[in-house]
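Here is a short report on how the parts of one structure pack together. Please look at the sequence and the model first.

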Amino acid sequence: MPGTVKNYGRVLADLRAADAESFGGKSSALGELIAAGIPVPPGFAVSTAAYRAFVAGAGLDPMIAPAMSGLAPDDVDAVGAVSHRIGEAMRSAPIPSSVRDEVAERYAELGEPPVAVRSSALGEDSREATFAGQQETYLWVHGAEGVCGAVRDCWVSLYSPPAITYRARLGAGAAEPAMGVAVQAMVDAEVSGVMFTCNPVSGDPSMVAINASWGLGLAVVGGEVTPDDFLVSKVTREVVRRHVHAKEVEYVPDAGGGGAVRREVPSERRDLACLEAGAIDVLIEVGRRIERHFGSPQDVEWAIARDGELPSSLFVLQSRPVTTASARREQPEPASAMSLLMRTFGVEAVGSDPEGV
Amino acid sequence: MSVEWARIDGPVADRGSFPNPYEIETPPGCEGWEEMYPYYALFDERRRESDEQRFWFWNSMHFPLPMPAFDVFCIDSPYDGIGSWQNRVFAVPPAMGIDYRCVNGYIYISGNAVTDPEKIAERAGYFQERAGHYFANWNELYAKWRVKVDAMIRELTELEVPDLPEYEPREVVFENDRNLRFYDVLDAYSRTLRLGDLMWQHHSEFLLLGYGAYMTFSEFCKGHLPDIPDQHVAQMVAGIDVILWKPDAELRRLARLAIDTGVDAAFAEGRTPTEIDAELAESEAGRAWLAELEEVKDPWFNMATGDGLYHYYGSWLDDPSIPYASLIGHVAALKAGEDIERPTEQLARERDRLAEEYGSLLDADARKGFEELLALSRTVFPYVEEHKFFCDYWFLTRWWNKIREFGALLAEHGFLEDAEDVFQLSRHEVNGALDELVLTWSTGGEPIGPKHWPPIVTRRKEILERLADWTPPPALGVVPDEVNDPALVMLWGVTTERVQEWARSAETDGELTGTAASPGVAEGPARVVKTVMEISDIREGEILVCTITSPAWAPIFSKIEAAVTDIGGVMSHAAIVCREYGLPAVVGTGRATAQIRTGQRLRVDGSAGTVTILER
């Protein structure tokens, strides 16, 4: 449909950090990754304006605002009831045709592959969004109808009980809620996992910690398996710690249709290390590039496609700053080289630097 | 800051303790060992109250063997030097100098802490100004040091030990320009001792500041990069083309020359230096090679065969079997087509790459500190790496030989049976014997010395031999709460954790822990080497277990699978060489030579810092 005015979407590769306001954190971060030359599955982003058009078009505002006002964040039953009511209303409301057409058109431009549909929340700290339950992901979605449905499901997650509670706690400080969505070609992952570009325990930035398991990333992210665990030096590429565990389950695409299914890992693969040295090298290289691009340690979700060969079969699905407590570990107090030197010799309070180093 | 590490109040029972220094028994047949040592070096009852409440550790790094009486010079004088610089010149705030005591011939040391906060503050003022000057002018001061040390070595080399002829030479009368021999002998002896003191003064000048700068960098790295291996810190700092590697580099060059000039057949496995020299002397090319060797000898054969502080450790000049063994090995390797070059360019690239990579991981502020401290560490490092060659090896091996000449003089006049026996007397006793010698030479009277000294020497040799079989505990006295004396931490690697491990490992068997100094895992039979005299026993594939190694041991590292030492940190010689050879090393285990026997199978994990005895 050439000539259609596209207001609600953008190709992921065109997004940058500055687009977070209009497309949410995840989509804009994926755009940044692509710009940095990181292999990211192709896709497009649906803007927060699409969400607003949906809410306005369906006349949901008059229903949502009173339901939310005066809601006590600790009242679990009340929050649950409001969440249910709003969710029902959103699910039965139509998606504006302008939005629907654009999503379908962009999906067609992508080649109509199976896709992952992920919510892309507003807010600077996407960790908080996770905490607030605003990070829904729908895997292995087929067809324009399916994609539109998944987009709406992402919007609904804005009113999940944790999201409501979170915003209610913030009170007047909570921004008007809106949600972007990222739609990406699905990677049929043979192996997937997460990678911290620092040691999450010690905070050491010269280390990379990798968790990996068979199949789609759900098993690792959801904590359903004890993944293989590698700690690798960025500087020497030496694997300083390697724990291979029995990986009982994996997620694979449902052969019969949409979604992913959980199945037992065949016994002959269960105890095998799911990453070889070569794959680790490729991961580390990509991790370092991401980290350099963003200028801080990153928490990266990745997958290695079943078809294809490394390095081109490695895809990065998401990257966000590491914000765990350990990564915020107490940095040594900033001190001049001379004062540190003096401290070695038991000089605690350094006066004026007599001659400099 | 707490500096109460040396003296501890209150009950010590729950902290555990090391043996009481006043309750150590004398091994049978060693009664009277005390007379070999100065009165002030003993655990004296009059000092018991304080001495038994202190923490003492066996300085096996410098004194792995029972001390001969003369060699006590190499305790007193270095501790004069270190103490003076640390306590009286730089006034390191929390720590003065090092006390030592002798038990059954073994040397235990303990630091003197400064505990008064006002005194610490006062010293901090001195330290900042004085050490600051040294750090700011390091290169200039080190250049001056090199000049002073060269002059000192030259003076020692030129110092003549006079003989005592029947008649003074004519010149005394007709030129009227010289002193008499009795004076010259006493003067030469006292000058020799003073030169020894001068060497220890120079030796200690930069010691603490140099190691301190390195330690600061190392701590900085571990603060910002908690998982950084010690060996990477060391690699970023260590020099590439330093004197430490020069003697072996010269031997490699000579090996190539032997092949290039067709005289390599002389270097057959199993030949002695004398046999090799004899064959070389028969051909023109061989003589040319020998002439080249003479060039190399000065100064590169001034390596000690051991870690310098005992009179037994001569230089390669005194005993060329180590460099010749190395030559034989290099020639064989070259003929087998191996590359024996030290990959200096690759090492330099790796050193710069590590520094760049680690630096790039830090934020701007931290990176600035990292680079300043790295630059400072690299500035001080030539001293750290080179002072041993000039002082401990070159000077000290010649100095012992000078003392041997006095021994020869005494032996010539019957005061000793052999020149070597001079080391069984203290430096003061030697002075006394020389006093009597010149007196009776002058007067023509009958000396009693020839009857007095030989039985003493015989008895002391027996005692030393027996004491060598005694195993000293790694520490005596109380277990300190904390060790924070900069000198003990920097020079001996004695930290709070290490001391607590010693206290615990008194009961544990089968596993020792130390500093992970060079990564990798190796298994093999142990070869326990307590003195340099035993290094020729080492066989291919063994794991070297020793108190400490020195650069002169370099040739054996191509034979061994791994190294384990009692004492030493990540910058110790064994650690540096093992990293170069890619061998696992665990250093500073405290008691490996006491717990491991030759032939036991070991597993050495140089990444974890553990040594497991697999077979008892």
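Which residues in H8(B) meet which residues in H13(B)? His232(B), Gln235(B) and Met236(B) of H8(B) meet Glu350(B), Arg351(B), Leu354(B) and Ala355(B) of H13(B). Two residues are in contact if their C-beta atoms, placed from the backbone, lie within 7 Å. Helices (H or I, at least four residues) and strands (E, at least two) are DSSP runs, numbered from the N terminus.

This is a predicted model: local features need pLDDT of at least 70, side-chain atom pairs count only at pLDDT 80 or more, and totals for chains, interfaces and linings use all residues. Residues are numbered from 1 along each chain as its sequence is written, while chains are lettered from A and ligands numbered from 1 in the order in which they are written.

**Helix pair in chain B**

The axes of H8(B), residues 230-237, and H13(B) come within 8 Å and cross at roughly 115 degrees. Axes are lines fitted to C-alpha atoms, for helices over the stretch in contact, and angles run from 0 to 180 degrees between N-to-C directions.

**Contact surfaces**

H13(B), residues 344-360, also gives two or more residues to the side of chain B that touches chain A. So do H3(B) (117-136), H7(B) (207-224) and H14(B) (364-412). H3(B) supplies the largest share, 9 residues. Across this interface, 34 residues of chain B are in contact with 25 residues of chain A.

Within chain B, domain 2 (137-225 + 376-445) and domain 3 (243-344) have C-alpha centres 28 Å apart. These bounds come from an automatic or database domain assignment. Here 10 residues of domain 2 of chain B are in contact with 12 residues of domain 3 of chain B.

The table gives residue classes. Ala, Val, Leu, Ile, Met, Phe, Trp, Tyr, Cys and Pro count as nonpolar, Asp, Glu, Lys and Arg as charged, and the others, Gly among them, as polar.

| Contact | Nonpolar | Polar | Charged |
|---|---|---|---|
| Side of chain B that touches chain A | 21 residues | 8 residues | 5 residues |
| Side of domain 2 of chain B that touches domain 3 of chain B | 6 residues | 1 residue | 3 residues |
| H8(B) with H13(B) | 3 residues | 2 residues | 2 residues |

**Sheet in chain A**

Six strands of chain A form an open antiparallel sheet, ordered E9-E8-E7-E6-E12-E13. Two strands pair if DSSP finds at least two bridges between them. E9(A) (239-243) and E13(A) (314-321) each have a single partner strand, so one side of each is left without a neighbour in the sheet. E8(A), residues 228-233, is joined to E9(A) by 4 bridges. Phe230(A) stands opposite Arg242(A) in E9(A).
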